[in-house]
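Here are my notes on this one, written as numbered points. Keep the viewer open and find each residue as you read.

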Amino acid sequence: MSEREVFEYALLRVVPRVERGECFNAGVVVYSRARSFVGARTLLDENKLRVLDPAADTAGVRAALHAVEQVCRGGAEAGQASGDDAGRRFRWLIAPRSTVVQPGPVHTGLTADPLAEVERLLDLLVR
């Protein structure tokens, strides 16, 4: 069995109307410094989005969530973050912002498999 290492994670929240403050979870970002890993999975519940804002730009929200996954993967898809290491990309993704897709607070845990942790947290906190 692999040794468990500290990891950090943040939920991605969709806040369709920032002025109202209503939100729901739509993804998770996981970072493991020991494994030089950053990964994200997203899942947009369009019904929840329409309940909170019938006029929401669903395609725009989906694109913003997809962009988070691209930044985690790095490479050319990550845009300006393409040359950054995993830790720098994670810190950029969790920086507070006032947009429709916002990161929640950072939490920590232990895991032997950060990629599996992404899926576990998505199942536990988003689905």
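1. Let's start with a quick one: is E119 buried, exposed or partly exposed? With a relative accessible area of 27%, E119 is partly exposed, because that value falls between the 20% limit for buried and the 50% limit for exposed. Before going on, keep in mind that you're looking at a predicted model.

2. Now see what E119 does with its side chain. It meets the side chain of R41 in a salt bridge, at 2.3 Å from N to O. E119 sits in helix 4 and R41 in strand 3, so this pair ties together parts that are 78 residues apart in sequence. R41 also counts as partly exposed, at 27% relative accessibility.

3. Stay with helix 4, residues 114-125, for a moment. Its 12 residues should span 16 Å at 1.5 Å a residue, and the C-alpha atoms at its ends are indeed 16 Å apart. Which of its residues are buried? They are P114, E117, V118, L121 and L122. These cover an arc of only 135° around the axis, which means they sit on the same side of helix 4. Turn to the other side and you'll find L115 and L124 exposed. As for what covers the buried residues, strand 1, strand 2, strand 3 and strand 4 are among the elements that do.

4. One more salt bridge to look up: R127 pairs with D123, and their closest N and O atoms are 2.2 Å apart. R127 is exposed, with a relative accessible area of 52%, while D123 is partly exposed at 43%.

5. Next, the largest nonpolar core, which has 24 residues. The members that touch the most other members are V14, V29, V38, L44, L49, V61 and L65. Strand 1, strand 2, strand 3, helix 2 and helix 3 each supply at least two residues of this core. Which element gives the largest share? That's helix 2, with five residues. There is also a second, separate core of 10 residues, and Y9, F37, L121 and L122 are included in it.

6. Helix 2 (58-73) deserves its own look. It has 16 residues and reaches 23 Å from its first C-alpha to its last, close to the 22 Å expected at 1.5 Å a residue. Its buried residues are T58, V61, L65, V68, E69, Q70, V71 and C72. They pack against strand 1, strand 2, strand 3, helix 1, helix 3 and strand 4. Pick out L65 as an example: leaving aside neighbours within four places in sequence, L65 is in contact with L12, A26, T42, L44 and V101. After helix 2 comes G74, which has a positive phi, near 75°.

7. L44 came up twice already, so where is it? You'll find L44 in the loop between strand 3 and helix 1. Why does L44 count as buried? Its relative accessible area is 11%, and buried means under 20%. Not counting residues up to four places away in sequence, L44 touches V14, F24, L49, T58, V61, R62 and L65. To get a feel for distances, try L44 and C72: they are 28 residues apart along the chain, and their C-alpha atoms are separated by 18 Å.

8. Back to charges. How many salt bridges does the structure hold? There are nine. One of them joins the side chains of E8 and R91, at 2.8 Å from N to O. This pair links distant parts of the chain, with E8 in strand 1 and R91 in helix 3, 83 residues apart. E8 is buried, with a relative accessible area of 18%, whereas R91 is partly exposed at 42%. Also have a look at E46, R50 and R62, which are linked in a network of salt bridges.

9. Finally, a residue I'd like you to check yourself: D53, in the loop between helix 1 and helix 2. D53 is buried yet has no salt bridge. The nearest side chain of opposite charge belongs to R17, 4.9 Å away, and a salt bridge needs the nitrogen and oxygen within 4 Å. Not counting residues up to four places away in sequence, D53 touches P16 and R17.

Key. Residues are numbered from 1 along each chain as its sequence is written. This is a predicted model: local features need pLDDT of at least 70, side-chain atom pairs count only at pLDDT 80 or more; totals for chains, interfaces and linings use all residues. Side-chain values use heavy atoms; hydrogens and water are left out. A nonpolar core is a set of buried Ala, Val, Leu, Ile, Met, Phe, Trp, Tyr and Cys residues joined through side-chain atoms within 4.5 Å. Buried means under 20% relative accessible area, exposed over 50%, partly exposed in between (1.4 Å probe, protein chains only). Helices (H or I, at least four residues) and strands (E, at least two) are DSSP runs, numbered from the N terminus. Contact means heavy atoms within 4.5 Å. Lys and Arg count as positive and Asp and Glu as negative; His and the chain ends are not counted. The expected span of a helix is 1.5 Å times one less than its number of residues. The arc is that of the directions from the helix axis to the C-beta atoms.
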